[in-house]
Amino acid sequence: MRRNIDPSYGVSSWETLREAIKLIYARGDTMSLSYEELYRIGYNMSQYNFGEILHNGLQEVIKEHLGVVYERINSAPQATFLQQMKSEWDSFNISRSQVQDILMYFDRSYPVKRRKMTSGSLTMALFRDMIICDSEVGERLVKILLDQIENERNGESIDWFVVSAMTRLLVELGADSQGRSVYGHYFEKRLLEATTEYYRKESKLYVSEGTLSEYMIRVERRINEEVDRVERYLDRCTLSQLKWITETELLLRNQEKILYMPTTGFRWMLRNDKYEDIHRTYRLLSRVENGQKMVLSQLRTEVVDRGMEIVENQEYASEFQPMINAFLALKAKYDKVVADPKSGDKTADKTLLFPVNEAFEHFLNAFEGTPEFLSLYIDKLLRQEFKGLSEDEIEQHLDSLIALFRYLQNKDVFQKYYSLHLSKRLLYGRSVSEDAEKYFAIKLKEECGSEYTRKVEGMFNDMKTSEETNAAFKNSLTEAEKQALPCSLDLNVSVLKIGVWPVSEVASNGLPILPHDVTEHLKLFISKYNEGHDGRILKVQNSLGTAELRAKFSKSEHELVVSTWQMCVLMNFNDQDSLTYKELQEATGISEQVLCRTLQSLACAKYKILLKEPRGRDVGETDVFSFNAAFTNRGFRIRVPTISSSKENDKEREDAKARVEQDRKPQIEAAIVRIMKDRKTLDHSQLIAEVVRQLSPKFRPEVPDIKLRIESLIDREFLARDNERTYKYRA
């Protein structure tokens with residue numbers, strides 16, 4: 001039960017506390033104070049209902065003290081204002097903490113019951129209202145802070161530790177009497193306004209001077225500086241707004257101007273291989289609205305323009321190697337552009353890669369001859385260029401070509417040319433590396449599936465089987481059979497499956513008349529083969545082979561590696577020293593076009609095995625050819641090159657195009673039937689879209705072709721019209 005306490009006790013107790021609190025805030029000699037006694041006084045005043053006297057008295061003491069503090073701060077010169085403010089705040093905080101310890105029990109009882117502020121909150125609120133908010137001192141503080149930040153932006157050194165202490169002070173003061181953040185309302189708001197004005201002026205000054213590269217370096221440095229500024233002496237809540245303002249003023253407001261600088265803009269960077277600057281520009285502009293979109297648009301336009309320059313270059317129109325080399329160089333260049341710097345150039349930035357892929361697909365398919373040129377280029381590499389290269393170098397070259405192959409829309413056209421060129425390399429034994437051939441075939445299989453390379457794999461299997469068949473043939477020959485043959489001849493026959501090899505294409509120039517000795521060996525091989533393979537029929541395509549001839553000249557002897565056509569011509573000179581063009585044509589049965597090229601390779605090229613009268617590069621019907629007995633060469637084994645057109649003429653191209661279109665018809669029909677069998681009923685536009693989607697990995701079907709195939713399937717009762725725009729599958 002509480003005793004009745006004389007009211008004078010409350011007054012005398014507060015007088016004791018008041019003097020002690022004044023001494024503590026004045027940072028005087030507090031050694032004589034008994035904190036235990038002061039705590040007991042605060043406890044008793046709370047217990048005996050003198051809390052209001054204590055609370056009101058504390059408020060008056062703090063106000064009186066802060067009035068003195070205000071004058072000291074306000075009288076401080078500009079140069080030492082922040083230091084004075086920091087010193088007063090630090091002292092005030094220490095004193096506040098000591099008084100809170102004395103009034104600990106009071107803070108847990110009286111303010112809770114009466115819904116008033118604790119001693120600590122009260123002193124903070126008084127400091128906030130009297131020193132900072134709506135005061136001359138507060139205005140000076142904010143202005144000096146803003147000046148300090150601007151000075152640092154201008155390259156001057158500042159005492160950022162003091163600035164940091166002041167911004168922390170503003171944060172610690174919380175909200176003012178109207179609920180507004182002291183830091184946000186009185187300081188941050190003005191900081192952001194000043195930042196906007198500062199960078200708006202700077203962007204106008206620098207965007208019209210220097211290069212885009214220099215400007216973007218400056219922008220990146222400014223953004224990093226603002227991030228560092230927040231980390232050192234601003235509140236973290238300011239970071240996002242500060243970055244947004246910096247990026248908006250330096251980038252967003254000027255993005256078109258800086259991107260389209262005529263001599264130093266983004267496209268200039270792309271043309272001049274400024275990879276670091278390109279990545280910086282892309283990275284920075286991606287932070288602002290529409291910035292990334294504009295960069296990607298510029299990138300696509302630049303790649304398309306450079307690619308179309310290659311396609312439209314008349315010097316490349318008839319030469320596959322310079323054109324493909326130019327494509328590869330352009331691809332290597334933009335592989336560096338899209339490489340993600342963070343990954344060490346190992347992976348591409350997918351966002352950058354997309355417009356580059358679009359651009360390459362556009363201009364590579366703008367030139368109808370790209371599939372043929374690409375196949376010819378690969379053919380030359382695998383026949384000649386890969387000699388002496390390591391396995392890793394070969395694979396690297398082939399990977400770069402696969403990268404171009406991916407962009408082809410009509411991959412079936414490439415397949416036609418590639419199969420044709422591969423067949424010649426295999427049959428003529430002209431491939432530099434079997435491993436390289438198989439590596440490229442595996443890559444094609446990975447890209448397009450097993451069906452795409454089924455025939456290619458069949459070619460490799462046939463060549464392996466042929467080796468085994470030839471070995472079995474030679475082992476099966478009896479002595480009597482060997483004696484019956486007109487001469488000793490090492491015959492190797494390639495047995496090819498119909499439907500796997502493009503035999504009809506490679507043998508379209510007719511068949512030569514083989515020498516008698518070769519014919520007899522071939523007859524024996526066919527006889528032996530038929531004995532072991534009942535039901536199979538061999539059809540001879542003797543124009544596709546090669547021969548090794550032993551030739552004796554007046555001063556030397558050589559082994560000549562020649563084509564079947566060249567062999568048939570040369571063997572006629574065993575019996576006669578000279579023959580006319582007409583006589584050779586009659587003796588060999590070779591077509592005029594092929595015979596001209598064959599005679600040119602033997603009489604007008606590097607190795608002149610024959611002599612031609614009259615001399616000259618062109619072969620005519622009245623020319624006479626004779627054996628060049630005086631021929632000499634350092635090497636014993638000589639591979640006599642053939643002369644053939646590196647690419648198709650117009651008629652051959654039209655024929656090839658017709659074959660491709662014919663081969664596409666069943667593929668389009670098969671896709672339509674698969675889709676309709678699964679969906680049963682489908683709208684016309686949906687069916688067209690689905691057919692295009694399914695066939696795109698192989699070729700891009702034309703809508704009129706799809707419509708024709710639909711009509712054909714309707715006529716053959718695979719489909720039926722449900723109405724004008726809908727089809728039904730008929731089982």
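Within strand E9, Lys 728 is the bridge partner of Thr 681, in a model that is predicted. Three bridges join strand E7 to strand E9, which covers residues 726-729, and these two strands run antiparallel. Beyond this sheet, the briefing turns to the aromatic pairs, of which the structure holds 22, and to lysine side chains placed over aromatic rings.

**The sheet and its helices**

- The strands E7, E9 and E8 follow one another in that order in an open sheet of three strands, with antiparallel pairing.
- Because strand E7 (681-683) and strand E8 (719-723) each have a single partner strand, they stand at the edges of the sheet, and one side of each is left without a neighbour in the sheet.
- From one strand to the next, the twist averages 30°.
- Helix H30, formed by residues 684-695, packs on the sheet and touches E7 and E9, with its direction making about 90° with that of E7.
- Helix H31, formed by residues 703-715, also packs on the sheet, where it touches E8 and E9, and its direction makes about 105° with that of E8.

**Aromatic pairs around Phe 414**

- A pair of aromatic rings is described by the distance of the centres and the angle of the planes.
- Among the 22 aromatic pairs of the structure is the one between Phe 405 and Phe 414, which is tilted, with 5.1 Å from centre to centre and 55° between the planes.
- Phe 405 counts as buried because its relative accessibility is 0%, and Phe 414 likewise counts as buried at 0% relative accessibility.
- The rings of Phe 414 and Tyr 418 form a stacked pair, because their planes stand at 10°, under the 30 degrees required for stacking, while their centres are 5.8 Å apart.
- Phe 414 and Tyr 418 both belong to helix H20 (residues 411-428), in which they lie four residues apart, about one turn of the helix.
- Tyr 418 has a relative accessible area of 2% and is therefore buried, since that value is under 20%.
- One aromatic cluster is formed by Phe 405, Phe 414, Tyr 418, Phe 440 and Tyr 452.

**Lysine charges over rings**

- The ring of Phe 405, a member of the aromatic cluster, has the charged end of Lys 411 sitting over it, 5.5 Å from the ring centre.
- The charged end of Lys 333 sits over the ring of Tyr 334, at 5.8 Å from the centre of that ring.

Methods: Residues numbered from 1 in each chain as written. Predicted model: local features only at pLDDT ≥ 70, side-chain atom pairs only at ≥ 80, totals over all residues. Heavy atoms only, no water. Phe/Tyr/Trp six-rings, centres within 6.5 Å; stacked < 30°, edge-to-face > 60°. Buried < 20%, exposed > 50% of the residue type's maximum accessible area, 1.4 Å probe, protein only. Lys NZ or Arg CZ within 6 Å of the ring centre and 35° of its normal. Pairing = 2+ DSSP bridges. Axes fitted to C-alpha atoms, helices over the stretch in contact; angles between N-to-C directions. Contact = heavy atoms within 4.5 Å.
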